[in-house]
Protein chains: 2
Amino acid sequence: MVKPVVDRLAIVGAGLIGSSIARAAREYAAAREIAILDASPEVMTRVRELGLADDASGDAAKALEGAGLIIICTPVGVCGAVAQAIAPYLEPGAIVSDVGSVKGAVVAQVAPHVPAGVHFIPAHPIAGTEFSGPDAGFAALFQNRWSILTPLDGADKDAVARLVDFWTRIGAKVECMSPEHHDKVLALTSHLPHLIAYNIVGTAEDFGEQTRSEVIKFSASGFRDFTRIAASDPIMWRDIFLNNREAVLEMLGRFNEDLSALQRMIRRGDGQGLFDFFTRTRAIRRSIVEQGQDTSAPDFGRGKPS
Amino acid sequence: MVKPVVDRLAIVGAGLIGSSIARAAREYAAAREIAILDASPEVMTRVRELGLADDASGDAAKALEGAGLIIICTPVGVCGAVAQAIAPYLEPGAIVSDVGSVKGAVVAQVAPHVPAGVHFIPAHPIAGTEFSGPDAGFAALFQNRWSILTPLDGADKDAVARLVDFWTRIGAKVECMSPEHHDKVLALTSHLPHLIAYNIVGTAEDFGEQTRSEVIKFSASGFRDFTRIAASDPIMWRDIFLNNREAVLEMLGRFNEDLSALQRMIRRGDGQGLFDFFTRTRAIRRSIVEQGQDTSAPDFGRGKPS
């Protein structure tokens, strides 16, 4: 049998990501035993019903006793409060990590609460779906996805290696970078696309009832792709925008500049400019498919709607 | 055996849509025989190799002889020229239709060339993938998708009914509306989303090599969905924006207003405003899935990338 990467894993927050880590840690033997904590009694009940944890008592002191790896899987906005709450129970040598989509703000909020002798190593798995909650998770979520670690200066090398091992064991590929760099790259690849998707769905929502129902009916022409992204968890995304404000506003500024240029081409009837623009964007898609980051099946291989 | 809706079907332009109509017409017995014309010798060769047509001679006079339904499946920008070129061969009682994503401009460009006694009924099937060309088509493309017809004032009722039958036979659901209304709805559900997707991929493309490669690597966080849309055919989309300029610019204006409001919320740290906005957009997604216009599978049921 494979040796677990950690003996006892504690997960705080049993949503899509937390419950997927629990399932994956069990499925791929990344932890010998798993404790789960969640602030919501309903979620804790569901965790017990689904049998996701060895310890689902909801008692922080018990859950964290002997935990070698604690992963905070809550929305970014409450990471600091969670760190403060669990700090008394963290044992020397343990690793505290998280899964937040923003890293600079998480470091600022969590680091002050981490006791000496405990290793804080922020992380962000680039994985998810538009669904939320403990029922939405699944063990294979991280297979072939990237998990970005942003260890702080002077981070303990052995602890980082252990966290790399953990993510690798549950199927992820790992890359390390600084929190600042992470927040800039993700502002572009994730935060801005979500903002734009939310915005365009909101624009449609503002129309009267008749247009709204036509938008739904004829959504297959492009719009429906945006609605999937705009169906993501509102609390999670509120916190991301509040906590990565500067990088998001910078990317939004660039986006707006570019959009003005396209708008001008349309107004002026600049067919060559539009054609050139639409041609060079094709190459990026090709690279993404070639690198195994998306399916090459037409229309995402969507099942025929019934 | 089912009686074909038309005896001879002629398709002009054998791209994704034209070749899909040919395949579907054969598969579902919508036409007894099929002729295909395409301005590109390479495409005509491929049409013959794929065996898509009964008549793939490439001779317009021959192809259109006895054709009861002629569907123009070229980019919108050349519809007028195509109509002018085929006009001499159109027989009284025949139906001329198209599949263009813009209807007002197509009516303006095609109608003047349609001889008296020939019925011109514009159409737009809301179906497609990000791929192009005769190899990309497939018979099931229109199953459970909408096809919008925009018959002109005083259109022949029997001819309209025949075209409705044709689309129904190959699997589509049909709705009729005015060209102006079509262009407004599609500007919102299709043209604006494509413009936004092209734009955001363009924004990423403008970064230096390192950031660009990271964008590709970490695209699974939202960005990759946009790249699929932005991989669509550049000529088709150039023509759409040039030919639906006013409706697109109007929708873009609304989009920009809404985006400014979101930008202000982020800058001011208005968490409640962001949360409320992100919550109401969830409902539209639910309606789209309920109406069978998209899969409910998480992440579009994407296959695990290999």
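A crossing of two helices is left-handed if the near helix is turned anticlockwise from the far one by less than a right angle. With that in hand, let us walk through this predicted model, starting where the two chains meet.

## Where chain A meets chain B

The contact between the chains draws 94 residues from chain A and 94 residues from chain B. On chain A, the helices that each supply at least two residues to that side are α7 (179–205), α8 (209–217), α9 (223–229), α10 (234–243), α11 (245–268) and α12 (271–290). The most comes from α7(A), with 18 residues. Sorted by class, the side of chain A that touches chain B holds 47 nonpolar, 27 polar and 20 charged residues.

Since α7(A) gives the most to this side, its partners deserve a visit. Across the chains, α7(A) packs with helix α12 (residues 271–290) of chain B at an angle of about 70°, their axes lying 9 Å apart. Angles of 65 to 115 degrees count as roughly perpendicular, so α7(A) is roughly perpendicular to α12(B). This is the left-handed crossing promised above. On the α7(A) side the residues in the contact are Y198(A), V201(A), G202(A), A204(A) and E205(A), and α12(B) answers with F277(B), F278(B), R280(B), T281(B) and I284(B). By class, the residues of this contact are 6 nonpolar, 2 polar and 2 charged.

## The pairing of α7 with α11

Within chain A, α7(A) also meets α11(A): their axes come within 9 Å and cross at roughly 65°. Here the crossing is right-handed. From α7(A), the residues involved are D183(A), K184(A), A187(A), L188(A), H191(A), L192(A) and L195(A), which meet A247(A), V248(A), M251(A), L252(A) and F255(A) of α11(A). This contact has 9 nonpolar, 1 polar and 2 charged residues.

In chain B, α7(B) and helix α11 (residues 245–268) pack at about 65° with axes 9 Å apart. The two helices α7(B) and α11(B) are therefore roughly perpendicular to each other, and α7(B) passes α11(B) in a right-handed crossing. Contributing from α7(B) are D183(B), K184(B), A187(B), L188(B), H191(B), L192(B) and L195(B), while α11(B) brings A247(B), V248(B), M251(B), L252(B) and F255(B). The class count for this contact is 9 nonpolar, 1 polar and 2 charged.

## Around α8 and the loop after α9

Helix α8(A) has E214(A), V215(A) and I216(A) as its buried residues. Their cover includes α7 and α9 of chain A, together with α7 (179–205) and α12 of chain B.

A little further along, A230(A) sits in the loop between α9 and α10 of chain A. Is A230(A) buried or exposed? A residue is buried if 20 or more other C-beta atoms lie within 10 Å of its own; A230(A) has 28, so A230(A) is buried. Setting aside residues up to four places away in sequence, A230(A) touches A197(A), Y198(A) and V201(A), as well as T281(B) and R285(B) from chain B. Of these, Y198(A), V201(A) and T281(B) also take part in the contact of α7(A) with α12(B).

## Buried spots elsewhere in chain A

Two further residues of chain A are worth a look. S20(A) belongs to helix α1 (residues 16–27). S20(A) is buried, with 28 other C-beta atoms within 10 Å, and touches G137(A), F138(A), A139(A) and L141(A), not counting residues up to four places away in sequence. G100(A) lies in the loop between β4 (95–98) and α5 (104–110). G100(A) counts as buried, with 27 C-beta neighbours inside 10 Å, and its contacts, leaving aside neighbours within four places in sequence, are V76(A), C79(A), V106(A) and H124(A).

The table gives some C-alpha separations for these residues.

| Pair | Apart along the chain | C-alpha separation |
|---|---|---|
| A230(A) and P193(A) | 37 residues | 9.5 Å |
| S20(A) and D233(A) | 213 residues | 16 Å |
| G100(A) and C73(A) | 27 residues | 7.1 Å |

## The nonpolar core

Finally, the largest nonpolar core has 212 residues. Which residues have the most contacts inside it? They are I11(A), I36(A) and I70(A), along with I11(B), I36(B) and I70(B). Taking one of them, I36(A) touches I11(A), A14(A), A22(A), V47(A), L52(A), A53(A) and A56(A), not counting residues up to four places away in sequence.

Conventions. Residues are numbered from 1 along each chain as its sequence is written. Chains are lettered from A and ligands numbered from 1 in the order in which they are written. This is a predicted model: local features need pLDDT of at least 70, side-chain atom pairs count only at pLDDT 80 or more; totals for chains, interfaces and linings use all residues. Two residues are in contact if their C-beta atoms, placed from the backbone, lie within 7 Å. Helices (H or I, at least four residues) and strands (E, at least two) are DSSP runs, numbered from the N terminus. Ala, Val, Leu, Ile, Met, Phe, Trp, Tyr, Cys and Pro count as nonpolar, Asp, Glu, Lys and Arg as charged, and the others, Gly among them, as polar. A nonpolar core is a set of buried Ala, Val, Leu, Ile, Met, Phe, Trp, Tyr and Cys residues joined through C-beta atoms within 7 Å. A residue is buried if 20 or more other C-beta atoms lie within 10 Å of its own, exposed if 12 or fewer, and partly exposed in between; C-beta atoms are placed from the backbone. Axes are lines fitted to C-alpha atoms, for helices over the stretch in contact, and angles run from 0 to 180 degrees between N-to-C directions. Angles under 35 degrees count as roughly parallel, over 145 as roughly antiparallel, 65 to 115 as roughly perpendicular and the rest as oblique.
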